[in-house]
There are 2 protein chains.
Amino acid sequence: LKPLAFPIEISLEKPSDLDKKADRERVVDFISQVVEAGAPIDIDLDVLRKLPVILRKGDYSLHCVIASYGERLEVVSVDETECYGIALDLGTTNLVASLIDLGSCRKIAMLEAPNPQIDVATDVLSRIHESMRGRGNELQRLLIEGVNALIGKLCGSKKVNSAKVFALAVAGNTIMTHYFLGLPVENIPMAPYIPTAHGTGFINSARIGIEMNPAGSLYAFPNAGSYVGGDIISGILVSGLYKAKQTSLLIDVGTNVEIVLGCDEWIIVGAGAAGPALEGDIAGIGMRAAEGAIYEVNLESDGQTGNVKYKTIGGKKPVGICGSGMIELVAELFRSGAIDQRGKFTASPAWAERTQGENEDKRFMIEDGETGDLWIRETEIENFLRSKAALFASIHVLVKSVGLSFKDLGMIYVCGAFGAHINVDKAISIGMLPDIERKRFRVLGNSSLAGAEGLLLDRNLLSEIDRIASLITYREMNTEGDFLKEFPAAMFLPHTNPEVLKA
Amino acid sequence: LKPLAFPIEISLEKPSDLDKKADRERVVDFISQVVEAGAPIDIDLDVLRKLPVILRKGDYSLHCVIASYGERLEVVSVDETECYGIALDLGTTNLVASLIDLGSCRKIAMLEAPNPQIDVATDVLSRIHESMRGRGNELQRLLIEGVNALIGKLCGSKKVNSAKVFALAVAGNTIMTHYFLGLPVENIPMAPYIPTAHGTGFINSARIGIEMNPAGSLYAFPNAGSYVGGDIISGILVSGLYKAKQTSLLIDVGTNVEIVLGCDEWIIVGAGAAGPALEGDIAGIGMRAAEGAIYEVNLESDGQTGNVKYKTIGGKKPVGICGSGMIELVAELFRSGAIDQRGKFTASPAWAERTQGENEDKRFMIEDGETGDLWIRETEIENFLRSKAALFASIHVLVKSVGLSFKDLGMIYVCGAFGAHINVDKAISIGMLPDIERKRFRVLGNSSLAGAEGLLLDRNLLSEIDRIASLITYREMNTEGDFLKEFPAAMFLPHTNPEVLKA
């Protein structure tokens, strides 16, 4: 493995009358031979200023830290044995970071925090409007402060000095990445939807003001356009989809939903408003996958009485239901006959007692909690079915558009915070995912973060990232005629024609 | 020509639904095609932040400035049509800078100022001792302040905003270059004489605190060891000695004297204490080549009476005599019989009137000036002869050491402030330079500055510089047995055996 930054011990021949090589070149030539022949190697100027004393103090042996700046390596610290890296998933709603010891190549901590830009606006388009009204700098500052606070907490949790973080790899959607780098976002939402940059390569961390070693390097995953961010590219990297001969599907559900279809020769990314319902953002009961969120549901019934069993994150008192919990709930309500094909509550005797209200207020009791009941409303189920229908219709249209059917797919990768807990069987049972062999499903969880972690540990992936970006073409899904034809049928549980799920 | 930095006008295809390339990549791809295919091209982050607005304001045409960072090019300014470069000769005694319009590739101004480090110590070894006593930062600050003041004056003289200077090329001896870059100098004077760095490549000007565009690039000529500085490498570059099949000689007289012998396969640099006498640093009458310095001398005599004619720099009243003036004076004193082969005043009737004093005070009157006489002492002539003997002996030993004689030399290049005014015939007549065909002499003047100017105008020279550095080996001259044998004979005018001058 070749990490983005790494500690190294150097033992040099001492200079003599026959070998008068300067300190800098003595170190550089050694690294060049031992680490990476042919790569240009620099020494940071501040480090070089300290080098002569440290070199002689250690009798020409020294520990130093090297960081990658793409093609180029740079000695970013001397007299230092520790080297950490941070992987960062820049979500619209949440920031997730992990801390990796690049000496042992082990992940030692992970932490999540809300994206502080939420205080200005919850969705990215509204944030861009705020930027156009002059609040761009404030939005950038909020994000950087949020990231720095997260890094501070993350390092603090393991008593790591953040000055020993020498590499940061960050993946996010195009807009979040632009905010992170302080790049203008104003042209992104206006046709023809042009970002300021697809990628900026490696940047010195001090240029962005990130709380890490000021000589450390920072890499933001490139985007493949305004609607295909570095987070998707990171996910594709983790899946390996871009290396396979057989076409595979990748579904990434975050605040937005992206569907990726491709192989080693082409990649299509389709995006549509499958919507936040899948990530738990449903008015009322919905919530993020946080403590107290229901993520697993089982309904038991003898035909006369019914019982709801569930698990919550952290085993805490239930306060809501997250995306994967919602899939389980709807799947179980449907399986046990509590709702019908259209998602409406039935008059099933086993569940009659739990069903109350009329019209808009018609609802089902999940828990008679001490601090109040927990209900799911019929309107909330309808919202959810709209999202699942949009997702399935998008997948179906995309796969058909390249002349394939579901059974031709090599793999289906399910990504996103949503994806971390998903029960594939139940998702299939409600017609959200294609009904193909279970062994062809792979649940990847937060693949945006995982890709950043992977890059931290192996800089050889840089060329893969560029390759993925070059393979991608983008498709707007919601506006396609086929999508609008498929969507209504997919609103049913599992579908008006279940054969379609396997086709 | 490919300057180190240059303005360029860019006209881009506008983005469309079929061409959604980001602003950054649109600009980078254009430059890559038009300027230098294959070279990595970056856009400075601050520039990138301004790019989207400027690009659209100019309807996808824009002026920008590109600076070289070695292999890599970087867009360092947008909405800018002017681009200047500064060449800098970092002398121990003087700083000399020239301002070059990199749009028209013309030199538009040149200026000189004393090196402010002189206030701490006149010679470099004393400065290093001061650094070891804790005054290193002060010495660096003095130098940077001196350079910044010089740049300010230089730009001011042509009403150029120094923020429009995007490239700086600097050549100096190893110690001066170390001070300039803020690198430790402490190990340079101690065996085995190891510099901190041979070269650092391109550095962002903001890292050194130079008064120019903060995104601009700065290149310091590398050294080939503690005693072979970037100034010598710059001189070798200007001479072209490193490209010729036939071996040539280059003599650089500054505060120190370096002799270079070489061809396209090898280069030997020999240094010795030929001494400051050659640059005019003689107690009493000696001075730098500044206003009022005598630089040309002619003695006329009818055998009975004698007359001294001379020219001064700026045509001013004579205040002293510079290095080249000293050569002329000694040559004329010898030719006209006023001094003998040993440099002692004769009893020649034509000059008897002008010769006064006894022993240590024995002196010759150059001018009966209004504000006081101008005299040259016998002891001063002896000092000078010691320097000329050291220079000639060094040259002779070096040439013989490779099995050659003077007549085998292709060219003799004479460099240094000293070299700018030198009369080669007179220097030969006193046995200071070898007596070979005059057409094989080339007087290059301040070749350290000229090399820096050349690089500013043609970055292709970077590879030549690296090649020169790799060809060089260094020879300490003063300690060689042959030198000590040759030296006494060369103290005579022109030599105890004039045949040696042609051998």
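This dialogue explains how to read several features of a predicted model with chains A and B.

Reader: What should be known before the values are read?

Author: This is a predicted model, in which local features need pLDDT of at least 70 and side-chain atom pairs count only at pLDDT 80 or more, whereas totals for chains, interfaces and linings use all residues. Residues are numbered from 1 along each chain as its sequence is written, chains are lettered from A and ligands numbered from 1 in the order in which they are written, and side-chain values use heavy atoms, with hydrogens and water left out.

Reader: Which residues have the most contacts inside the largest nonpolar core?

Author: In soluble globular proteins, nonpolar side chains tend to be buried together. A nonpolar core is a set of buried Ala, Val, Leu, Ile, Met, Phe, Trp, Tyr and Cys residues joined through side-chain atoms within 4.5 Å. Buried means under 20% relative accessible area, exposed means over 50%, and partly exposed lies in between (1.4 Å probe, protein chains only). In this model the largest such core has 63 residues, and A:Leu168, A:Phe180 and A:Ile210 have the most contacts inside it. Its largest share, eleven residues, is supplied by H3(A); helices (H or I, at least four residues) and strands (E, at least two) are DSSP runs, numbered from the N terminus. Another core, of 62 residues, lies apart from it and includes A:Ile43, B:Leu142, B:Tyr179 and B:Leu218.

Reader: With which residues is A:Phe180 in contact?

Author: Contact means heavy atoms within 4.5 Å. Leaving aside neighbours within four places in sequence, the contacts of A:Phe180 include A:Leu88, A:Leu90, A:Gln140, A:Val170 and A:Leu218. Both A:Leu168 and A:Ile210 are also among the contacts of A:Phe180.

Reader: Is A:Ser162 buried or exposed?

Author: A:Ser162 counts as buried, because its relative accessibility is 15%. This residue lies in the loop between helix H3 (124–157) and strand S8 (165–172) of chain A. Not counting residues up to four places away in sequence, A:Ser162 touches A:Ile151, A:Cys155, A:Glu211, A:Met212 and A:Asn213.

Reader: Is A:Pro214 buried or exposed?

Author: A:Pro214 counts as exposed, at 52% relative accessibility. Its place is the loop between helix H5 (205–208) and strand S10 (217–220) of chain A. Beyond its neighbours within four places in sequence, A:Pro214 is in contact with A:Asn204, A:Ser205 and A:Ala206. From C-alpha to C-alpha, A:Pro214 and A:Ala5 are 14 Å apart in space, with their positions 209 residues apart in sequence.

Reader: How many salt bridges are there over all chains?

Author: A salt bridge is a side-chain nitrogen of Lys or Arg within 4 Å of a carboxyl oxygen of Asp or Glu. By this rule the count over all chains is 80. One of them joins B:Asp23 to B:Arg56, with the closest N and O atoms 2.9 Å apart. B:Asp23 lies in helix H1 (residues 23–34) of chain B and B:Arg56 in helix H2 (residues 45–57) of chain B, so the pair ties together parts that are 33 residues apart in sequence. B:Asp23 is buried, at 0% relative accessible area, whereas B:Arg56 is partly exposed, at 26%. In chain A, a network of salt bridges links A:Arg24, A:Glu25, A:Asp42, A:Arg72 and A:Glu74.

Reader: What sits over the ring of B:Trp375?

Author: A charge sits over a ring if NZ of Lys or CZ of Arg is within 6 Å of the ring centre and within 35 degrees of the ring normal. Here the charged end of B:Arg363 sits over the ring of B:Trp375, 4.4 Å from its centre. B:Arg363 also meets B:Asp361 in a salt bridge (2.7 Å, N to O). B:Arg363 counts as buried, at 16% relative accessibility, and B:Asp361 is partly exposed, at 34%. In chain A, A:Arg363 lies over the face of A:Trp375, at 4.4 Å from the ring centre.

Reader: How many residues does the contact take from chain B and from chain A?

Author: The contact takes 35 residues from chain B and 35 residues from chain A. Buried area is the accessible area (1.4 Å probe) that two parts lose on being put together, summed over both. Between chain B and chain A this area is about 2,900 Å², of which carbon and sulfur atoms give 56%. The rule finds four salt bridges across this interface. A:Asp46 forms a salt bridge with B:Arg207, where the closest N and O atoms are 3.3 Å apart.
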